Amino acid sequence: MAIQILPARLANQIAAGEVVERPASVVKELIENSLDAGASRIEIDIEKGGAKLIRIRDNGQGIAKDELALALSRHATSKVSTLEDLESIMSLGFRGEALASISSVARLTLTSKPAAQSEAWQAMAQGRDMDVKLVPASHPTGTTLEVQDLFFNTPARRKFMRTDKTEFGHIDEVVRRIALSRFDVDWVLRHNGKQVRQYRAARLPSQQDKRLSAICGSAFMQAALKVECEHNGLRLWGWWVLPSGARAQPDVQYTYVNGRMMRDKLLNHAIRQAYGERLAPDTHGAFVLYLELDPAEVDVNVHPAKHEVRFQQARLVHDFIYQVLAQALEQAISASSSGQTLDEPS
Ligand code: ADP
Ligand code: MG
């Protein structure tokens, strides 16, 4: 075959393979957009595990009428414009790919109203053509993204979707994890019209504990130690459960870097090492930990789904996390042997 430039839709569908693995990945991308738009309330409606409908409604800054079509095109982003921007990124998004990718594998409807615009407009990107139609709509300030019939035109992907229950489980997990990254946001999650989760904006520590307990379980909450330490521009804070409490825990292992949820090998390794020998072979630690550092020290553009990061000073970051946690562990254990609050693993 001769070399040829791929048609736009096909190029988007190929890119979609990297970003949109399953309904939960759509939910993650859309929520991140809402957070980047400064939303303080995000409502998520799911039907049939997300296969039929994913609807995210926010009260963020909205998208102007003449930018709606642009928002749906590939490499279109309002978040970075120069390489320097990319090197110190604060927003969750920056690739300008999510909406283009999603609209190439689903029927997408985008309705939005910025505060400065008197009426709302709606854009639809459905079916095979890339044409975007604009119609007037009714919507308060903010944005609603509706994704219907995910993978309707990519049967191979569709086949990989599991039962509604399984797919919804993944969505629920994404919402829980992101809800722990933004205590100041109101969250509502519904499945097939039924409210499944509601987390009210939590500003006071006691309210935050309540959310933590709702998401991670009261057993986690009771066993959790709070850590907080800052050194040389690195800050680690959060909650973690000591080995003695770890056995009873479900798999709560959440890490965040500058507010972005992560599955990062380096972080997990440092945490695991801090638990050390105290963790019995088939047990896992449980933790919700936040690392904050200068964004210029982290490269977030490593993975299309942005799950991984690269640290400029990997060793330093690793050792910092290890030391903070190992020290906290030592202190807690010596406190428990002189006091009596914590039991050692038998
Ligand atoms: P990225 O988030 O990487 O910029 P996306 O494809 O996810 O790329 O979104 C494209 C653009 O559409 C964003 O840069 C933003 O300007 C706009 N946008 C998307 N979702 C929203 C939203 N919920 N509220 C306001 N603007 C949005
Ligand atoms: Mg985005």
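Strands β7 and β8 form a hairpin with 2 residues between them. In the turn of this hairpin, Asn192 has a positive phi of about 50°. The model is a predicted one. The two strands run antiparallel and are joined by 5 bridges. One residue pair across the hairpin is Leu189 with Arg197, its bridge partner in β8.

On the β1 side, the pairing of β7 is parallel: 6 bridges join β7 (residues 186-191) to β1 (residues 41-47). Here Arg41 stands opposite Asp186 in β7.

**The sheet**

These strands belong to an open sheet of 8 strands with mixed pairing. The strand order is β5-β4-β3-β6-β2-β1-β7-β8. The edges of the sheet are β5 (133-137) and β8 (194-199), each of which pairs on one side only. On average, and with direction ignored, neighbouring strands are turned by 15° against each other. As a general matter, strands of a sheet pair through backbone hydrogen bonds, either parallel or antiparallel.

**Helices**

Helix α2 (residues 23-36) lies across four strands of the sheet, namely β1, β2 (53-58), β6 (142-148) and β7. The direction of α2 is at about 10° to that of β2. Within α2, Glu32 forms a salt bridge with Lys28, with the closest N and O atoms 3.1 Å apart. The two residues are 4 apart in the helix and therefore separated by about one helical turn. Glu32 counts as buried because its relative accessibility is 5%, under the 20% cut-off. Lys28 also has a relative accessibility of 5% and counts as buried.

Helix α1 (residues 8-19) contains Ile14. Together with Leu6 and Leu10, Ile14 makes a nonpolar surface patch of about 260 Å².

**Salt bridges**

The structure holds 17 salt bridges. Three of them, including the pair in α2, are set out below.

| Pair | Closest N to O distance |
|---|---|
| Glu32 and Lys28 | 3.1 Å |
| Asp172 and Arg197 | 2.7 Å |
| Arg182 and Asp184 | 2.9 Å |

In the second row, the side chains of Asp172 and Arg197 meet in a salt bridge. This pair links distant parts of the chain, with Asp172 in helix α7 (residues 164-179) and Arg197 in strand β8, 25 residues apart. Asp172 counts as buried, because its relative accessibility is 11%. Arg197 is partly exposed, with a relative accessible area of 22%. Arg197 is also the β8 residue that bridges to Leu189 in the hairpin, so the description of this arginine covers both a backbone pairing and a side-chain contact to α7.

In the third row, Arg182 is partly exposed, with a relative accessible area of 27%. Asp184, at 30% relative accessibility, counts as partly exposed too.

Beyond these pairs, salt bridges that share partners join six residues into one network: Arg41, Glu43, Asp45, Arg55, Glu146 and Arg190. Arg41 in this network is the residue that stands opposite Asp186 in the β1 to β7 pairing.

Key: Residues are numbered from 1 along each chain as its sequence is written. Chains are lettered from A and ligands numbered from 1 in the order in which they are written. This is a predicted model: local features need pLDDT of at least 70, side-chain atom pairs count only at pLDDT 80 or more; totals for chains, interfaces and linings use all residues. Side-chain values use heavy atoms; hydrogens and water are left out. Patches are made of residues with over 30% relative accessible area and no salt bridge: like charges are joined within 9 Å, nonpolar side chains (Val, Leu, Ile, Met, Phe, Trp, Tyr) within 5 Å. Accessible areas come from the Shrake-Rupley method with a 1.4 Å probe; for residues, only the protein chains shown count as cover. A salt bridge is a side-chain nitrogen of Lys or Arg within 4 Å of a carboxyl oxygen of Asp or Glu. Two strands pair if DSSP finds at least two bridges between them. Axes are lines fitted to C-alpha atoms, for helices over the stretch in contact, and angles run from 0 to 180 degrees between N-to-C directions. Contact means heavy atoms within 4.5 Å. Buried means under 20% relative accessible area, exposed over 50%, partly exposed in between (1.4 Å probe, protein chains only).
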